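The following exercises ask for a careful reading of a structure. Please attempt each task before consulting its solution.

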Amino acid sequence: MKVLLAGANGYIGTRLIPVLLEKGHNVVCLVRDKRRFHEQNDYSDRVTLLTGDLLKEESIDTLPQDIDAAYYLVHSMAQAADFAAMEALSAHNFAQAISKTNCKQVIYLSGIVNDTGLSEHLRSRRHVEDVLQECKVAITVLRAAIIIGSGSSSFEIIRDLTEKLPIMTVPRWVNTKCQPIAIRDVLGYLEGVLMNEQTFDKTFDIGGPDVLSFKQMMLVYAKVRKLKRYIITLPFLSPKISSYWLYFVTSTSYSLAQSLVDSMKNETIMKDHEIDGVVKRDCLSYEEALELAFNKIEQNSIVSSWKDALNNGYLNSGFMDQIKVPQNGTLEYKVKQPFSRDGEEVLKNIMAIGGNRGWYYWDWIWSIRGFLDKLFGGVGSRRGRTSNISVSPGDVIDFWRVLLADKPNRRLLLYAEMKLPGEAWLEFKIIERNGKTFLSQVATFRPRGLWGRMYWYLMWPFHLFIFKGMAKRIVDFGEGEKQK
């Protein structure tokens, strides 16, 4: 079948594509930027790419007529206060465009909404279901609670909290019940309902076999990891304080922390099991889902991560237009470090920067900068990176976004997502000249007003030591040189 996938660069969409290809379907991916998709996916030559922005109706007005079915996997949970309006507009534009094709089914992954007094996030998901009913085709809605998998926001937050805090004082929402489901089972259900007429114009709850509170989920995580953890519930922590607590302890953004805390007051438990009669599946338990996620992390085979999504308010969809670093009105700090070892080894060090590897020199300064960024409402440096061994455009590296990871030309270009009075780029490139090989490391800053220039010159002494030390350690690392 010819299947359209909206949200192909997202956490779920990225993982669904190979499942559909394995079944022999002709997959058409609707993306905002083809460059990012080509760089990120090994199977980009096996799918058809369409460029379009769901927030701009005119950009998706010409979808292929011969589509058999479509997946709508677009969410804006990490956006600022207007995310609900953006989700509704996105769904409306999609419904109008898909109605002009021969599509027979639209499949939407929503959230379980069986509780009363729904959070804004869950109300938005429910409203999107209604908006999609504008389609002149059959709608199939799958409602899931917390999705557990390597790189999922829920898994990463549970991981952050449990790994970092031996003793936790937590809000009352940790006693709210939910029904977690493994990402593998979500993909199985998404594929299982495809063009299944028993699912047309129906809504199904999906979930794993376990019903647990958030507190129990953290304790089971601790048991699997062989950690001793103590959780003390405090009744007086307000949602705002809870959001800040989650924001500072984990790698989540504040807007996402707000959405999560607001949603955690609602129980997300399956109301019925009608899906069992349509798609027969033995779902993984919560503990099995955790083990599977750990295996993927240990093998450095995390397919996608919530942190790499672009709908977090820090960059717009055209972020890859920043690949050409501006030359006018900018300030630069350049380091040219010669080396004699194999250039491929140095390139590996460049591509492994950040995350678990760190920044090679004065990591404590980078940590302080990340903490200060969090204090001022930025992303901080706890996001790490999706993979320790590979990097692609659009990936997150701590408080940077990857614009270019060009191995053939031995170049890595990063764009700052931290709070700054301007814009910043950090470029690493291996160059050969006159028979010698150098690591070129260039920090470029485009200041915003007088304060931007003051900031740059105040940081100059730190740049002087950090960037020189970093360049030297990058070329020496792994050759008897230990990171400091």
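**Exercise 1.** State where Asp201 is found in this predicted model, and decide whether Asp201 is buried, partly exposed or exposed.

*Solution.*
Step 1. Asp201 belongs to the loop between helix 6 and strand 11.
Step 2. The relative accessible area of Asp201 is 54%.
Step 3. Exposed means over 50%; therefore Asp201 is classed as exposed.

**Exercise 2.** Locate Met195, and determine the class to which its relative accessibility assigns it.

*Solution.*
Step 1. Met195 lies in the loop between helix 6 (183-192) and strand 11 (202-206).
Step 2. The relative accessibility of Met195 is 25%.
Step 3. Partly exposed covers the range between the limits of 20% and 50%, so Met195 counts as partly exposed.

**Exercise 3.** What is the sign of phi in Met195, and what is the sign of phi in Asp201?

*Solution.*
Step 1. For Met195, phi is near 55 degrees, which is a positive value in a residue other than glycine.
Step 2. For Asp201, phi is near 55 degrees, again a positive value in a residue other than glycine.

**Exercise 4.** Is Glu423 buried or exposed, and which side chains make polar contacts with the side chain of Glu423?

*Solution.*
Step 1. Glu423 is part of strand 18, which comprises residues 422-433.
Step 2. Its relative accessibility is 18%; because buried means under 20%, Glu423 counts as buried.
Step 3. The side chain of Glu423 forms a polar contact of 2.5 Å with the side chain of Tyr415.
Step 4. A polar contact of 2.5 Å also links the side chains of Glu423 and Arg446.

Note on methods. Residues numbered from 1 in each chain as written. Predicted model: local features only at pLDDT ≥ 70, side-chain atom pairs only at ≥ 80, totals over all residues. Heavy atoms only, no water. Helix = DSSP H or I, 4+ residues; strand = E, 2+ residues; numbered from the N terminus. Buried < 20%, exposed > 50% of the residue type's maximum accessible area, 1.4 Å probe, protein only. Polar contact = N/O pair within 3.5 Å; in protein donor to acceptor, adjacent residues only side chain to side chain.
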